[in-house]
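Subject: Handover of a structure and notes on its contents

Dear colleague,

Please find below the structure I agreed to pass on to you. I should be grateful if you would read the notes beneath with the structure open.

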Amino acid sequence: MRKIEILDSSLRDGAQAEGIFYSLEDKLRIADALDRIGISYIEAGNPASNPKDMELFRHFAANPLQNAKLVAFGATRKPGIAVEEDVNCTALASANTAFVSIFGKSWDLHVTQILKTSLSENLRMIDDTISFFVRAGKNVFYDAEHFFDGYLENPSYAMQTILAAEKAGASRIVLCDTNGGCFPQEVARIVGEVKKSCFVPLGIHCHNDMGCAVATSLMAVEAGCEQVQGTLLGYGERCGNANLSAIIPTLQLKKKYQCIPSASLSELTHTARYVAEIANYLIPPSSPYVGKSAFSHKGGMHVDGVQKLRRSFEHVDPEAVGNRRNLLVSEMAGRTAILNRIMRIDPSVTKFSPITEQIIGKIKELEYHGYQFETALASVDVLICKELGQMKEYFSLRHFKIIGEQNADGGEQLASALIKIQVGDQEEITAAEGAGPVHALDKALRKALEVFYTSLAKVRLIDYKVRVMSPEDATAATVRVLIESTDGENVWTTVGASSDIIEASRKALVDSMEYKLLKDERR
């Protein structure tokens with residue numbers, strides 16, 4: 001089995017994505033998660049760039065990772081100074097990692113126009129820096145920045161840069177499509193040409209500016225690259241990096257290459273969602289393999305086909321990557337999808353059971369009143385469990401009152417929620433303020449329930465959507481509210497509908513809490 005090294009740069013290149021801000025604790029937790037699934041190398045940061053990265057390297061010096069090798073990242077020395085006098089290089093050396101990634105210029109345009117130095121000095125910078133770290137006992141990965149753009153404009157000089165790195169002792173030469181603007185077949189051709197002259201194992205590092213980073217990385221592997229760099233969720237500078245959560249299972253399941261231990265592949269979806277939660281990043285539902293829609297089926301023909309023969313509409317088994325199949329409940333999917341949801345909860349139910357018709361009738365009635373269950377499968381499961389008599393009353397919302405506050409001077413506008421719940425024979429009354437009525441209600445409901453159910457402290461709302469169902473009724477129109485929630489491990493969606501937006505929100509919020517409690521109990 002061919003082994004492909006995976007280098008994850010979520011903590012370094014990923015940190016350069018717009019909207020991504022890691023604390024030190026965030027970085028430590030992400031590194032541990034990547035380590036647990038057997039990522040080969042974790043590029044943890046640039047120790048010269050900020051104290052946070054240096055503190056991270058100190059932590060792992062005292063608490064080594066179990067599987068992954070930690071990699072420190074930095075640049076070649078600056079023009080015109082000795083490598084021993086370059087503060088970035090000395091900081092990189094002080095990170096005390098066995099592996100370092102050194103990036104240097106391979107495109108003559110960058111050498112002359114960005115670094116403002118000569119082509120020969122750039123070659124000396126590459127040689128001096130790599131030699132310095134090799135003499136210090138480090139394994140050096142040389143990242144040939146802008147290699148493909150450089151090769152297309154001046155192939156002779158681009159090759160000189162990586163041959164200089166090879167001669168200086170680099171253990172990997174990583175070819176970078178830094179601008180993300182090269183075609184996959186173009187990259188594959190160039191990798192094949194490089195292999196004729198460069199005998200150090202090659203890696204590939206692609207950005208996603210044309211949406212081709214995954215395809216380009218896969219073709220580079222087929223052309224001979226032995227290391228793939230990217231970020232687990234694909235986020236990074238500009239349009240992002242190669243998405244490792246797509247690359248790893250594609251290579252491992254379809255090409256039979258070894259990227260991570262086989263036993264770890266089923267943890268991929270959980271790990272991706274865990275990292276997303278830490279990074280406060282929403283995984284697009286359509287993300288391959290790990291997205292919540294990756295194995296969702298809606299069309300009647302699709303639902304029928306996948307029920308009869310999985311591979312007729314699924315290219316891999318969802319469970320192979322830790323995801324699951326969803327047959328969406330909608331007018332297109334019909335009875336089959338609803339029966340499938342029922343049987344997941346109670347396998348003894350059949351399409352001929354009276355309860356099946358009862359549940360279908362209930363769903364149709366709610367849809368008539370504005371509900372839509374296609375994506376709100378958590379609400380479907382709560383409804384089914386209640387109709388089957390398999391769900392206890394975790395709590396009842398006895399009373400709530402919303403108070404809005406408006407300031408004519410344009411100051412802060414707050415809302416308050418007063419709430420009374422009953423759990424068994426106990427009651428809890430509490431209040432909360434929020435940046436609007438729904439926020440206040442959410443906080444008050446959560447605050448009251450946490451007295452009885454501590455696991456709800458982990459639940460938070462990550463998306464809130466409102467749709468007007470009958471615009472001809474103007475402000476009296478029925479509205480549908482969809483709420484997406486997470487507990488840091490799972491994501492679920494609930495729905496509520498009413499002519500009162502607060503009441504619709506209340507229904508969706510209560511379903512969300514009940515679903516979490518139901519899943520906890522069944523677990």
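The notes that follow cover the cores, one sheet, one helix, a strand residue and the salt bridges. Please bear in mind that this is a predicted model.

Cores

The largest nonpolar core comprises 92 residues. Within this core, Phe147, Ile162 and Ile173 have the most contacts. Beyond its neighbours within four places in sequence, Ile173 is in contact with Tyr142, Ile162, Ala165, Glu166, Cys198, Val200, Pro201, Leu202 and Gly203. Another core lies apart from the largest one and has 57 residues, including Val329, Ile338, Ala415 and Leu517.

The three-stranded sheet

An open sheet is formed by 3 strands in the order β11-β12-β13, with antiparallel pairing. The edges are taken by β11 (396-404) and β13 (426-434); each has a single partner strand, so one side of each is left without a neighbour in the sheet. From one strand to the next, the twist averages 10°. The antiparallel pairing of β11 with β12 (residues 415-423) runs over 8 bridges, and Lys401 has Leu418 in β12 as its bridge partner. Helix α16 (residues 437-449) packs on this sheet and touches β11, β12 and β13. The direction of α16 makes about 145° with that of β13.

Helix α5

Helix α5 (residues 119-135) has 17 residues, which at 1.5 Å a residue should span 24 Å; the end C-alpha atoms are 25 Å apart, in agreement with that value. The buried residues of α5 are Glu121, Asn122, Leu123, Met125, Ile126, Thr129, Ile130, Ser131, Phe132 and Phe133. They pack against β3 (69-75), α3 (87-93), β4 (99-105), α4 (108-114), β5 (139-145) and α7 (155-168). After the helix comes Gly137, with a positive phi near 85°.

In strand β4, one of the elements against which the buried residues of α5 pack, lies Ser101. Ser101 has a relative accessible area of 0% and is therefore buried, the limit being under 20%. Leaving out residues up to four places away in sequence, Ser101 touches Leu7, Glu43, Val71, Ala72, Phe73, Gly74, Phe141 and Asp143.

Salt bridges

The whole structure contains 25 salt bridges. One of them joins the side chains of Glu5 and Arg172, at 2.6 Å from N to O. This pair links distant parts of the chain, with Glu5 in strand β1 (residues 5-8) and Arg172 in strand β6 (residues 172-177), 167 residues apart. Both partners are buried: the relative accessible area is 13% for Glu5 and 17% for Arg172.

A salt bridge within a helix is that of Arg189 and Glu193 (3.0 Å, N to O). Both residues lie in α8 (residues 184-194), 4 residues apart, about one turn of the helix. Arg189 counts as partly exposed at 42% relative accessibility, as does Glu193 at 27%.

Glu521 forms a further salt bridge with Lys392, where the closest N and O atoms are 3.8 Å apart. Here too distant parts of the chain are linked, since Glu521 belongs to helix α17 (residues 501-522) and Lys392 to the loop between α15 (377-388) and β11, 129 residues apart. Finally, Arg77, Glu121, Arg124 and Asp128 are joined into one network by salt bridges that share partners. Of these, Glu121 has already appeared among the buried residues of α5.

With kind regards

Notes
Residues are numbered from 1 along each chain as its sequence is written. This is a predicted model: local features need pLDDT of at least 70, side-chain atom pairs count only at pLDDT 80 or more; totals for chains, interfaces and linings use all residues. Side-chain values use heavy atoms; hydrogens and water are left out. A nonpolar core is a set of buried Ala, Val, Leu, Ile, Met, Phe, Trp, Tyr and Cys residues joined through side-chain atoms within 4.5 Å. Buried means under 20% relative accessible area, exposed over 50%, partly exposed in between (1.4 Å probe, protein chains only). Contact means heavy atoms within 4.5 Å. Two strands pair if DSSP finds at least two bridges between them. Helices (H or I, at least four residues) and strands (E, at least two) are DSSP runs, numbered from the N terminus. Axes are lines fitted to C-alpha atoms, for helices over the stretch in contact, and angles run from 0 to 180 degrees between N-to-C directions. The expected span of a helix is 1.5 Å times one less than its number of residues. A salt bridge is a side-chain nitrogen of Lys or Arg within 4 Å of a carboxyl oxygen of Asp or Glu.
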